[in-house]
Amino acid sequence: MSSGRPLTFLQSSDWHLGSALTGGGLSFTPEARAVRRDEVDAAAERAVAAAVSCGAEALLVPGDLWDAESVPPATIHRLLEAFASFAPRPVFVAPGNHDFAGPGGYYDPALLSALGMRSWPENVFVFRGPDWAAAPFPGRDDVTVVGRAFLSSAVVVERPLAPPPPRPPTPHALLLLHGSLESYAGADSPRGTKRTAPFSASELTGAGFSWAALGHHHHAHVVADDEGRPRGAYAGCPTGRGLDEAGPRFFLRVTLPADGSPIVVDRILADARVVRDLAVDVSDLEAGPLAEKVEAAFREAGVEAPDLVRVTLTGTQVFGARPADILRPLAQRVKHLAVRDQTEPPAPEPGPRSAEGRFASDLFAIRAAAADDAERRVADLALRLGRDALLGRPIRPPEAEDR
Ligand SMILES: [Mn+2]
C-alpha cells in the first residue's frame with residue numbers, strides 16, 4: 001500500500017515519571033536521587049523538544065508515562081504542559097500497566113477537575129478503552145492510529161494480536177501496543193510478572209500495520225520482518241533509573257516513506273547522562289596502579305562527566321585493604337560514583353599460631369561452608385573488619401549496598 005506523502009513521527013514510552021529511584025543499585029545519596037528524579041520527570045519535555053527539532057508530525061507514546069497511580073499531581077501537570085506545548089501537532093497515548101487508565105486515575109478528566117488541575121490538552125488523543133480502537137490523524141486522512149489501554153496493573157495473559165485488530169484501509173496505519181514481545185532479549189527480558197500481553201514477532205508483522213510503536217520493555221529494540229525490514233520497535237525508557245537501565249537511551253524518529261521503500265528508523269539520544277555498570281579486577285594492585293586500572297576501564301567504556309557509574313571491584317586484595325577509598329577522587333570525574341568492593345582476601349599463610357592467623361583460618365572455614373554469595377560476603381566482611389580490630393586499626397563498616 002502506498003501513500004502520496006511520507007509521515008515522520010517521534011516514538012517514546014516508559015517514562016515512569018514520578019519514580020522513587022530507590023533500589024536501582026546506584027546507592028544514590030538523597031541529593032543525587034533528587035536531581036535524578038527531576039531528570040526522570042523531565043522526559044516528556046525532552047521528548048517534545050526532540051520531536052519539534054527533528055521535524056516530527058506527531059508523538060507516539062505506547063504506555064508507562066508515569067510510574068504509579070500515587071505520583072504527585074505536579075508531576076502530571078508537568079507532563080500535560082509538555083504535551084500542550086506540542087500543539088497543534090498530535091500526541092497519541094496508549095496507557096500501559098503502570099499508568100493504567102482506571103476510573104479515578106490521572107487519565108480520568110473527572111479526577112483532574114476534582115483536583116483543580118488543568119485538563120488533558122486537546123492535541124492529545126488517549127486510547128482509554130480496553131478494546132482496540134481506531135483514531136484519525138488530524139490533518140492527514142491517509143493515516144490512522146490504532147491502540148488500546150490497560151485498565152489495571154494486573155498481568156494480562158491474553159495475546160493482544162491473536163487475533164490482531166483490523167488493519168485500517170488508509171495508506172499509513174500505526175499500531176500502539178504495550179506488552180511483551182516474546183523474542184525480546186534485553187536486560188529486562190520477559191520473565192515473571194514482567195511478561196504481560198505477550199505477542200510474537202510474526203504476530204506483529206502478520207497484523208499488517210505500517211508500524212507498531214511498542215512499549216513496556218526498556219531497551220531500544222527493532223522488530224523486522226522476514227526480509228529484514230523494520231516493522232515496529234521499542235524505543236525503551238529515555239532516562240536510566242538504575243543498573244538495569246544502563247547504556248545510552250533513545251527516542252526513535254521514524255519515517256514511513258510514500259513509495260513503499262523501507263521505513264527509516266533513527267535513534268536520537270534521549271538523555272545527557274548514561275548509567276554505567278563496570279566491573280574491574282584489581283587483584284593485588286596497590287593504590288596507584290589500582291586507580292589507573294579503573295580509570296582505564298572508564299576510558300574504555302566511554303564514561304563521561306555527566307554519567308552515573310557503579311564500579312564493582314573484584315579479585316584479591318590484602319587483608320585490610322580499602323580499595324574503595326582509593327577511588328574516592330575518581331568521584332569528581334563523574335556525576336555520581338558508587339563503588340562496590342567485592343574483592344576477596346588471599347588465602348592465609350600456612351600454619352599460623354597468632355590470634356590473627358587463627359581468626360583468619362576460622363573465617364576461611366566459615367566462608368568455605370557458606371551456602372550462597374550473601375553468606376560468603378558476610379564472611380569476607382567479618383574477616384576484614386575483624387582483622388582491622390585485631391591490628392588496632394579503626395573499624396569502618398562499608399557503605400550500604402542497595403541492590
Ligand atoms: Mn515500563
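**Exercise 1. The surroundings of T343**

Determine from its relative accessibility whether T343 counts as buried or exposed.

Step 1. T343 has 3% relative accessibility. Buried means under 20% relative accessible area, exposed means over 50%, and partly exposed lies in between (1.4 Å probe, protein chains only). T343 therefore counts as buried.

This is a predicted model in which local features need pLDDT of at least 70 and side-chain atom pairs count only at pLDDT 80 or more, while totals for chains, interfaces and linings use all residues. Residues are numbered from 1 along each chain as its sequence is written, and side-chain values use heavy atoms, with hydrogens and water left out.

Step 2. Locate the residue. T343 sits in the loop between β15 (336-341) and α8 (355-368). Helices (H or I, at least four residues) and strands (E, at least two) are DSSP runs, numbered from the N terminus.

Step 3. List the neighbours. Leaving out residues up to four places away in sequence, T343 touches V282, L313, T314, G315, Q317, P323 and R384. Contact here means heavy atoms within 4.5 Å.

Step 4. Look for polar partners. The side chains of T343 and D341 make a polar contact at 2.6 Å. A polar contact is a pair of N or O atoms within 3.5 Å; within protein, one must be able to donate a hydrogen and the other to accept it, and residues adjacent in sequence count only if both atoms are side-chain atoms.

**Exercise 2. Salt bridges**

How many salt bridges does a search of the whole structure find? Describe the pairs E45 and R78, R367 and E344, and R387 and E356.

Step 1. Take the general idea first. Opposite charges on side chains can pair when the charged atoms come close. The rule asks for a side-chain nitrogen of Lys or Arg within 4 Å of a carboxyl oxygen of Asp or Glu. The search returns 25 salt bridges.

Step 2. E45 and R78 meet through their side chains at 2.7 Å, N to O. E45 belongs to helix α2 (residues 43-53) and R78 to helix α3 (residues 73-84), so this pair ties together parts 33 residues apart in sequence. E45 is partly exposed at 33% relative accessibility, and R78 is partly exposed at 24%.

Step 3. R367 and E344 meet at 2.5 Å, N to O. R367 is in helix α8 and E344 in the loop between β15 and α8, 23 residues apart. R367 is buried, with a relative accessible area of 17%, whereas E344 is partly exposed at 33%.

Step 4. In the pair R387 and E356, the closest N and O atoms are 2.1 Å apart. R387 lies in helix α9 (residues 373-390) and E356 in helix α8, 31 residues apart. R387 counts as buried at 16%; E356 is partly exposed at 23%. Separately, R36, E39, D271 and R273 are joined into one network by salt bridges that share partners.

**Exercise 3. The pairing of strand β1**

Which strands pair with β1, and in which sense?

Step 1. Strand β1 covers residues 7-11, and five of its five residues are buried. L7, F9 and Q11 point one way, while T8 and L10 point the other way.

Step 2. Two strands pair if DSSP finds at least two bridges between them. β1 and strand β11 (residues 250-256) are antiparallel, with five bridges. In this pairing L7 faces L256.

Step 3. β1 and strand β2 (residues 59-61) are parallel, with two bridges. Here L10 stands opposite L59.

**Exercise 4. Two domains**

Describe the interface of domain 1 and domain 2 by its contacts, buried area and polar links.

Step 1. Set the bounds. Domain 1 spans 7-269 and domain 2 spans 275-390; such bounds come from an automatic or database domain assignment. Their C-alpha centres lie 41 Å apart.

Step 2. Count the contacts. 14 residues of domain 1 are in contact with nine residues of domain 2.

Step 3. Take the area. Buried area is the accessible area (1.4 Å probe) that two parts lose on being put together, summed over both. For these domains it is about 830 Å², of which 72% is on carbon and sulfur atoms.

Step 4. Check the polar links. The rule finds zero salt bridges across the interface, and two residue pairs in polar contact, both at pLDDT 80 or more.
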